[in-house]
Amino acid sequence: MLSYQHAYHAGNPADVHKHYALAEIIRLLTNKERGISYLETHAGRGLYDLSSDQAQKTGEAAEGIALLDPQGTAFADALSIVRTRYGENAYPGSPLVASSLLRPHDHIVLMERHPQEHAALKRAVRGTGAEVHRRDGYEGARALSPMEPRRGLVLIDPPYEVKTEYEEAARLALDIRARWPEAAVMVWYPVLAAGRHEALLSALVPGEPLVDEVAFALKEGKGMTGSGLAILGAPYGTEAAMAEVLQRGQPVLRRPARV
Ligand code: SAM
């Protein structure tokens, strides 16, 4: 099994981009009383401690969330709920961003394959009503689509430890949309100097994604120069929400030079 652990990266600039955007899109999808479904294929452990050895080792949160005041953003509501419960060093992964903002009549399914991450995730979302599966997210998302209620959001956030994962993630996004057209599907990807993400974006073209990329400098970025989100079936208002994310994410997030 591969060894990616998100605890080393929680709260970094890429997380800021992804989690701010996720919170804004959930806010758009929940502006009507009707329930929604939320599915994650690669959920991680859900809750991170920014004072942990892993977080301190990379110092990535110090280059990300620590430099920002999220007050007034949708993400701030999730952060506040999580910090009230777990303390000032707590940081919500995407499952806790979502479960903090969703309502009791929304349907949440989270998939995580790694046994320890899965066990931690179960603890982190206990009492929220979220279903947690120890499962391959590629297989699981195809098996569960479409979910009820039909209006919903799927987050695909793989570790991209192997090159083939870029095209695999794109294929999954298109497959989910074919099975479940009412769902928005958001794929996160790293923007790499090596340009590997271009394969993902080319494969996604038939799904007409809304693509939002931001740039940042990470001391130990290992070739990652920015963060991208490709959103298929984006709800009305997403473009404006992404502009807000960029604005509120400054000075950590910057507009990429080529846009
Ligand atoms: N979405 C999380 C967040 O924003 O807080 C971070 C997820 S992290 C980037 C990717 C996670 O996917 C890791 O916890 C890893 O164990 C898990 N993973 C890797 N391959 C998987 C697979 N095929 N199915 C489900 N989970 C997988």
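Biologist: What makes helix 1 stand out in the lining of the largest pocket?

Modeller: Helix 1 gives the most to that lining, with four residues. Keep in mind that this is a predicted model.

Biologist: Which elements give two or more residues to the lining of the largest pocket?

Modeller: They are helix 1 (13-29), helix 6 (137-144), helix 7 (165-179) and strand 7 (183-192).

Biologist: And what volume does the largest pocket have?

Modeller: About 1,200 Å³. Of the 50 residues lining the largest pocket, Tyr4, Pro158, Pro159, Tyr160 and Glu161 are the closest to its centre.

Biologist: Why is Tyr160 called a lining residue?

Modeller: A lining residue has an atom within 4 Å of a pocket point. Tyr160 is among the 50 residues that line the largest pocket, so it has such an atom.

Biologist: How many residues of each class are in that lining?

Modeller: There are 19 nonpolar, 16 polar and 15 charged ones. Glu161 is one of the lining residues, and Glu counts as charged.

Biologist: What about the second largest pocket, how much volume is there?

Modeller: About 280 Å³. It is lined by 19 residues, and the closest to its centre are Ser99, Ser100, Gly127, Thr128 and Gly129.

Biologist: Which elements give two or more residues there?

Modeller: Helix 3 (74-86), helix 4 (94-101) and strand 4 (107-112) do. Helix 3 gives the most to the lining of the second largest pocket, with four residues.

Biologist: And how does that lining split by class?

Modeller: Into eight nonpolar, six polar and five charged residues.

How values were computed: Residues are numbered from 1 along each chain as its sequence is written. This is a predicted model: local features need pLDDT of at least 70, side-chain atom pairs count only at pLDDT 80 or more; totals for chains, interfaces and linings use all residues. Side-chain values use heavy atoms; hydrogens and water are left out. On a 1 Å grid over the protein atoms alone, a cavity is a set of points where a 1.4 Å probe fits but cannot get out, and a pocket is an open set with protein on both sides within 12 Å along at least five of seven lines; lining residues have an atom within 4 Å of a point. Grid points are joined across faces, edges and corners, and a volume is the space filled by probe spheres set on the points.
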